[in-house]
Amino acid sequence: MRHVAPHRWADAAAGLLDARELARMASHVAGCAACARARDRIAASREAFADIAQAPAPELSWEHVGARVYWASSRERRERESGAHRIPAAVLAPRRRWAWIGVPAAATLAVASILWWRDGGPRGPAAGATPAPATAQTGAQPGAQPGAPGLEVTPVELIDAPGVVPAPMVGLVTLAQGDAGVVGVPLERSLEVPVTMGTALATGDGRLSVQLEAGTAFALGPGSRLEVARLDRAAIELRVDGEVTVEVSHRGPGQRFLVVAGTRVVEVRGTAFSVRHQEGRLEVACSHGLVAVSDPRQPDDVAEVAAGRHLELGDGDPLTAAAPAPLDADGLAALIAAAPQQLPAWTDAATLTRTSAPLAVAAPRGRAVRIDGVAIGVGTVSLRVMSGRHLVEIERGAGRYGPGQWLTTRDDGRAVRVDVAADDARAERRAAATTRRRQLEARVDHAAVGACLRGLAKQGLAAGTFVEVEIGVDDTGAVSFLNVGATDLPASTAGCVRDAIARARFPAGPEATWRHRFTF
């Protein structure tokens, strides 16, 4: 008997097969470890569906769904649909948005397989506890990159309920583009380390996304630094110098989410917003929900920023100095575009480190990268994706993408890396050399070359001789060098041939270096 297809195990679990077929499958699985694993995975996924059926539906920011769709599915579905078918050396410190997409039931079953090895589902505060925040720790992460922006903040006093120890949380980096990563960790490993209380993140010219739980994530903009000052079930506190865009699911009673920027505190309960604190100025923009901006120096003043509005203040300005103003279309579009990347289904960080993996793509500088049809970033990009097959496409021109290639991530959580930049550069060099070679063959003065061999030809010695030259042409068409390599001609004759070749003129075009063999 051949391997049992996964959908047959689903049919068996649903009671759709007769006793004879079940007996055949049981006999086969007794000696087939692969089918045994498939059977156990399908059984676990059915248990997950039972849990999902009783869980409340997640809140969706419908106005954002169309702009940030990140589709992921299992390896089995992607294989059926496909038909078979740099990272920079520098380090930092001693260096999608998800939407459920309707798919056939078989694909839905495959998506749920990421819940196979769950440890009880999302954990919340202990029953009967009234979680409240604790005093946050301040200070920069040791080993920060020299020159990285520092965090000068005023401590925020958070008081916990006596005797209650809030359960800690662990987040994951879901996207790193360009010069961005976890402080103290090599750039290429930023997606492989957990985000916990005390973790520091920094960006140069890149950006970074971190997911903390289902529906809660943040994205760090370019030229920014952020410290996770607190991360547990009672409170999340981020201290930022630069720009951070946040999406927060509804918090439970007593739970708090704070962003500390300079002396100001931005607090939220279920919304999407951005905070920019640079060069002594604070800007808070809200796309939906409501955020409150406060200042410990002015305890009686609170500025509320509602959906579709933004507030700008200097560090020394009182909160009453300016009123929130409407966001224009460009501001709202920028806020949506900066939203953090999220995994399509969040269980917990430990499980997702096994059922998802970093997909690192080194594309040429300035070239956009698409993964599974969604534009992710430009240049060097690392994205955490669910296990399965993923299509990586690189922009070849303005809005034009190449054919792409399929890459497979597995259930072991190991990163998959592809240096498209190196492959693309090699292909471009080959194409440039081919173009210049054709130009040389068309523009060389063959009569002058023949004249160099006239003496040998009279003696009947020219036939079958050759000379190989190494030649370089820059983008203006100028010959940068021309050297004689291997040849069976006398030195004087080879020099004459070289001089005749050097008189060829090239048009402006790609820079190229190649070897060219002339046979006579």
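1. The protein has 12 helices and 27 strands. The model is a predicted one. Of its 520 residues, 48% count as buried. Its accessible surface comes to about 24,300 Å², and carbon and sulfur atoms account for 54% of that area.

2. The largest nonpolar core has 41 residues, and within this core Phe 273 and Val 275 have the most contacts. The element that gives the most to this core is strand S8 (residues 235-247), with 5 residues.

3. Leaving aside residues up to four places away in sequence, Val 275 touches Val 240, Gly 242, Glu 243 and Val 244. Its other contacts under that condition are Val 259, Ala 261, Val 266, Leu 282, Glu 283 and Val 284.

4. Another core, of 25 residues, lies apart from the one that includes Val 275. Among the residues of this other core are Val 469, Leu 482, Val 497 and Phe 518.

5. Three strands form an open sheet in the order S26-S25-S27, with antiparallel pairing. Strand S26 (479-487) and strand S27 (512-519) are the edge strands, each pairing on one side only. On average, neighbouring strands of the sheet are turned by 20° against each other, direction ignored.

6. Strand S25 (residues 466-473) and S27 run antiparallel and are joined by 8 bridges. Glu 470 stands opposite Arg 515 in S27.

7. Helix H12 (residues 491-502) packs on this sheet and touches S25, S26 and S27. The direction of helix H12 makes about 150° with that of S26.

Definitions and conventions:
Residues numbered from 1 in each chain as written. Predicted model: local features only at pLDDT ≥ 70, side-chain atom pairs only at ≥ 80, totals over all residues. Heavy atoms only, no water. Core = buried A, V, L, I, M, F, W, Y, C linked by side-chain atoms within 4.5 Å. Buried < 20%, exposed > 50% of the residue type's maximum accessible area, 1.4 Å probe, protein only. Helix = DSSP H or I, 4+ residues; strand = E, 2+ residues; numbered from the N terminus. Contact = heavy atoms within 4.5 Å. Areas by Shrake-Rupley, 256 points an atom, 1.4 Å probe, with all protein chains shown as cover. Pairing = 2+ DSSP bridges. Axes fitted to C-alpha atoms, helices over the stretch in contact; angles between N-to-C directions.
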